[in-house]
Amino acid sequence: MKKECYAMIYLVACGVNRIKPDMKYISDIDMEVLFRLSTYHLVEVLAGTSLKEAGTALPEQWTQKLSKSMRKNILFDNERKKIFDFMEQSGIWYLPLKGTVLKDYYPSVGMRQMSDNDILFDGTFSDRVRTYMESQGYVSESHGKGAHDVYMKNPVYNFELHRTLFEESGQPIMSRYYADVKERLILNDGSSYGYHFSDEDFYIYTVAHAYKHYSGSGTGIRSLLDFYVYLSAKEQSMDFEYIDRECEKLGLFEFEKQSRALCKKVFGKQALTSYEQFTDSLSAKEQEMLGYYLSSGVYGTTERGIKNRISGFREKSGSTSKFKYLVNRLFPDMEMYKSYYPFFYRHKLLLPIGWLYRLLRMIFSKNRRNSAVKEIGMVRKY
């Protein structure tokens with residue numbers, strides 16, 4: 001592990017544990033490299049806050065990140081309340097997800113950076129919600145495709161409004177497990193339509209969501225940090241017999257155990273030691289898992305996504321044929337059409353037009369074309 005990665009982890013651990021960093025551990029670190037790496041994992045506010053606590057003068061761009069993150073969280077909170085008020089008045093049940101909840105377990109406002117806000121809602125009201133969001137100045141970036149609708153508005157607003165938690169085409173086990181998610185929810189005090197998970201179910205969903213990314217394009221250390229922060233607040237009171245049973249159903253038993261142990265080793269107070277002591281404290285398997293998190297970044301990588309997709313196809317089909325894999329990518333199963341091309345899913349006789357449509361999009365979209373070329377190149381290697 002590179003020393004810059006250790007320095008980032010050390011500063012983040014100091015931040016969430018409210019401990020002043022000992023700069024002797026990271027005195028020889030290039031601050032520009034550290035800033036870029038922290039930004040790659042979307043933890044530059046935590047790292048920067050720790051550096052300020054230690055009396056280190058931050059570059060201007062880093063200082064601006066700290067102030068903007070706090071302002072962004074406040075703006076999101078106010079805007080989210082307006083959306084919830086609309087849903088209450090309209091009889092639409094809703095559930096805040098992921099960072100929208102987790103941010104409140106971090107030591108102070110803005111420490112858990114937010115790129116978007118995620119809300120699960122009654123998808124039968126999707127069109128009505130779209131009308132409301134557009135009336136408030138939002139642009140509908142995506143609607144009726146995949147698991148969520150995406151709405152954007154200047155200066156910083158990005159809401160992902162989920163009609164379902166997981167897609168059948170990508171995560172069939174998770175999709176079926178959460179098909180009747182409302183039965184697992186608890187009505188908020190003083191609300192008619194706002195819900196929350198139990199502590200255990202919120203944790204299980206957090207693990208499931210992290211694994212979706214981990215096994216896809218990858219996910220960075222912020223996912224591991226979210227585990228640590230939530231467990232620090234809730235672990236002693238949670239029913240882990242229930243958590244184990246439910247994770248077993250989801251195929252997440254080993255991932256949860258490994259990630260729970262790793263997050264404590266990486267961000268726990270006992271890990272706030274020198275680079276050598278820190279790396280020596282991790283087993284070879286833990287170093288490999290941490291390396292996977294560190295190399296993925298907050299949004300994962302295209303290369304990792306392609307590699308994992310190839311591996312998943314081979315495991316599912318039992319075939320190592322490169323030709324069969326590419327055919328499967330060109331002509332995917334109907335669940336993918338159900339999620340992303342509902343018109344062709346409903347009108348299956350027109351499916352050949354759908355195949356042509358997807359092919360033409362790949363040919364005439366530079367990003368899609370480049371992605372396809374990269375994927376074909378990786379298929380040839382593997």
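Is Lys249 buried or exposed? In this predicted model, Lys249 turns out to be exposed, with a relative accessible area of 54%. That makes it a handy way into the charged pairs of the structure, since its side chain meets the side chain of Glu246 in a salt bridge, with 3.0 Å from N to O. Both residues sit in helix H10, which covers residues 240-250. They are 3 residues apart there, or about one turn of the helix. The partner has a rather different setting: Glu246 counts as buried, because its relative accessibility is 5% and the limit for "buried" is under 20%.

That pair has plenty of company, as the structure holds 24 salt bridges. As a bit of background, side chains of opposite charge can pair when their charged atoms come close. Another pair links Arg260 to Glu256, whose side chains meet at 2.6 Å, N to O. Here too a single helix is involved: Arg260 and Glu256 are 4 residues apart in helix H11 (residues 253-267), so about one helical turn separates them. Arg260 counts as buried at 14% relative accessibility, and Glu256 counts as buried as well, at 1%. The story doesn't stop with two residues, though. Salt bridges with shared partners join Glu235, Asp244, Glu256, Lys257, Arg260 and Lys264 into one network.

What about a salt bridge between two helices? Glu44 and Lys65 offer one, with their closest N and O atoms 3.2 Å apart. Glu44 belongs to helix H3 (residues 44-53) and Lys65 to helix H4 (residues 60-90), so this pair ties together parts that are 21 residues apart in sequence. The two ends are not equally covered: Glu44 is buried, with a relative accessible area of 1%, while Lys65 is partly exposed, at 32%.

Next comes the inside of the protein. In soluble globular proteins, nonpolar side chains tend to be buried together. In this model, the largest nonpolar core has 77 residues, and the ones that touch the most other members are Tyr178, Phe197, Phe227, Phe267 and Leu290. Helix H1, made up of residues 3-16, gives the most to this core, namely 11 residues. Apart from it lies another core, this one of 19 residues, including Ile83, Phe86, Phe121 and Tyr138.

Phe227 shows what such crowding looks like up close. Setting aside neighbours within four places in sequence, Phe227 is in contact with Tyr203, Thr206, Val207, Ala210, Phe255, Ser259, Cys263 and Tyr293.

And the cysteines: how many disulfides are there? The count comes to 0. Take Cys5, which is in no disulfide and has the sulfur of Cys14 as its nearest cysteine sulfur, 16 Å away. Seen from the other end, the closest cysteine sulfur to that of Cys14 is the one in Cys5, and 16 Å is too far for a bond because a disulfide needs the two sulfurs within 2.5 Å. Both residues are tucked away from the surface by the accessibility figures: Cys5 counts as buried at 12%, and Cys14 counts as buried at 1%.

Not every nonpolar side chain is hidden, however. Phe323, Val327, Leu330, Phe331, Trp355, Leu356, Leu359, Leu360, Ile363 and Phe364 form a nonpolar patch on the surface, and together they have about 960 Å² of accessible area. The elements that give two or more residues to this patch are helix H15 (322-330) and helix H18 (351-364). H18 supplies the largest share, with 6 residues. Leu356 is one of the patch residues and lies in helix H18. With a relative accessible area of 47%, Leu356 is partly exposed.

Finally, Ser191 gives a sense of distance from that patch. Ser191 is found in the loop between strand E6 (186-187) and strand E7 (195-196). Being in a loop doesn't put Ser191 out in the open here, as it counts as buried at 14% relative accessibility. Leaving out residues up to four places away in sequence, Ser191 touches Glu88 and Tyr94. Phe331, a member of the surface patch, is 140 residues from Ser191 in sequence and 46 Å from it in space, C-alpha to C-alpha.

How values were computed:
Residues are numbered from 1 along each chain as its sequence is written. This is a predicted model: local features need pLDDT of at least 70, side-chain atom pairs count only at pLDDT 80 or more; totals for chains, interfaces and linings use all residues. Side-chain values use heavy atoms; hydrogens and water are left out. Patches are made of residues with over 30% relative accessible area and no salt bridge: like charges are joined within 9 Å, nonpolar side chains (Val, Leu, Ile, Met, Phe, Trp, Tyr) within 5 Å. Accessible areas come from the Shrake-Rupley method with a 1.4 Å probe; for residues, only the protein chains shown count as cover. A salt bridge is a side-chain nitrogen of Lys or Arg within 4 Å of a carboxyl oxygen of Asp or Glu. Buried means under 20% relative accessible area, exposed over 50%, partly exposed in between (1.4 Å probe, protein chains only). A nonpolar core is a set of buried Ala, Val, Leu, Ile, Met, Phe, Trp, Tyr and Cys residues joined through side-chain atoms within 4.5 Å. Contact means heavy atoms within 4.5 Å.
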